[in-house]
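Welcome, and let us take a walk through this fold together. Keep the structure in view as you read, and turn it whenever a new element comes up.

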Amino acid sequence: MEKVNSQILELLNIHFPEINDIALQEEIAKKGQILNFPAGQVIMNYGSYIKLVPLLVKGSIKVVREEEEEGRELLLYYLNSGETCSMSFSCCMMNKQSDIRTTAVDDTTLIGIPVKYADEWMTEFKNWKNFVMRSYDFRLQEMIKTIDNIAFKKMDDRLLSYLEDKSKAQKTKIINTTHQKIADELNASREAVSRLLKQLEKKEVIKLGRNKIELL
């Protein structure tokens, strides 16, 4: 008889209150595993087959996509505590290779659910199906926001939106990063990013430091 992991049950109740079917909670606590990743570690890389669906309980994860011809990356969104990666569901249910890379922004803890069960529970538990569908809808809105930023927003608006999203993901007003890293994630030049950051500082929206930016 499989043992229920009481720690997973506790984490589910704290971070995923919408998963409130007791039978489903117990199945996750039996089949799932708690995984820890240090800041900067790649969790899932391009071309890999997804074996686990993540339920994030601590930290944040950056999700990026690579442009095929030139190899440049575009930031899609951040995953925060209480969220899952909908693109993981898509890849695992279609048994296809990943076209995204996920990296731990800071020390991260998640509950990993084997793809076999994540798929089976779609028909077995209505609560799980609803959770997955809500996750898809939320992430779709995030993707639309990303597209809108690229298509309609000026670069300074995109930059400020990026800083606000990163601040929210890391739960801090002080963002430790470089101008080059920001440029890479926004698919922009470092010079343009540096110029716009200085403009934001003059407007007293941010305060620049050595490899750090403080949102005011």
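Before we look at how helices cross, one definition helps: an axis is a line fitted to C-alpha atoms, for a helix over the stretch in contact, and an angle runs from 0 to 180 degrees between N-to-C directions. Please also bear in mind that what you see is a predicted model.

Let us begin with the whole chain. The protein chain contains eight helices and 10 strands. Its radius of gyration is 19 Å, close to the 17 Å that the globule rule gives for 216 residues, so the chain is as compact as a globular protein of that length. Measuring along the principal axes is a handy way to picture the outline: the C-alpha trace spans about 65 × 35 × 25 Å.

Now find the sheets. Strands of a sheet pair through backbone hydrogen bonds, either parallel or antiparallel. One open sheet here is built from four strands in the order β2-β6-β4-β5, with antiparallel pairing. At its edges sit β2 (42–44) and β5 (73–80), each of which pairs on one side only. From one strand to the next, the twist averages 30 degrees. Inside this sheet, look at β4 (residues 60–66) and β6 (residues 100–104), which pair in the antiparallel sense over five bridges. A good place to rest your eye is I61, which stands opposite A104 in β6.

Two helices lie across this sheet. Helix α6 (residues 155–170) lies across β4 and β5 and runs at about 35 degrees to β5. Helix α7 (residues 179–186) also lies across β4 and β5, but its direction makes about 100 degrees with β5.

A further open sheet has three strands in the order β8-β10-β9, again with antiparallel pairing. Its edge strands are β8 (174–176) and β9 (206–209), and each pairs on one side only. Here the twist averages 20 degrees from one strand to the next. Strand β8 pairs with β10 (residues 212–215) in the antiparallel sense over three bridges, and I174 stands opposite E214 in β10. Packed on this sheet is α8, which touches β9 and β10 and makes about 125 degrees with the direction of β9.

Helix α8 is a good one to follow further. How do α7 and α8 cross? The axes of α7 and α8 (residues 190–202) come within 8 Å and cross at roughly 110 degrees. Angles of 65 to 115 degrees count as roughly perpendicular, and α7 and α8 are therefore roughly perpendicular to each other. The crossing of α7 past α8 is right-handed. On the α7 side, H179, Q180, I182 and A183 take part, and they meet R190, V193, S194 and L197 in α8. The residues of this contact between α7 and α8 divide into four nonpolar, three polar and one charged.

Helix α8 also packs with α6, at an angle of about 75 degrees and with the axes 10 Å apart. These two helices, α6 and α8, are therefore roughly perpendicular to each other as well. From α6 come M155, D156, L159 and L163, while α8 brings V193, L196, L197 and L200. In the contact of α6 with α8, the residues divide into seven nonpolar, no polar and one charged.

To retrace the path, start at α6, which lies across β4 and β5, pass to α8, and end at β9 and β10, which α8 touches.

Conventions. Residues are numbered from 1 along each chain as its sequence is written. This is a predicted model: local features need pLDDT of at least 70, side-chain atom pairs count only at pLDDT 80 or more; totals for chains, interfaces and linings use all residues. Side-chain values use heavy atoms; hydrogens and water are left out. Two strands pair if DSSP finds at least two bridges between them. Contact means heavy atoms within 4.5 Å. Angles under 35 degrees count as roughly parallel, over 145 as roughly antiparallel, 65 to 115 as roughly perpendicular and the rest as oblique. A crossing is left-handed if the near helix is turned anticlockwise from the far one by less than a right angle, and right-handed if clockwise. Ala, Val, Leu, Ile, Met, Phe, Trp, Tyr, Cys and Pro count as nonpolar, Asp, Glu, Lys and Arg as charged, and the others, Gly among them, as polar. The radius of gyration is taken over C-alpha atoms; the globule rule is 2.2 Å times the number of residues to the power 0.38.
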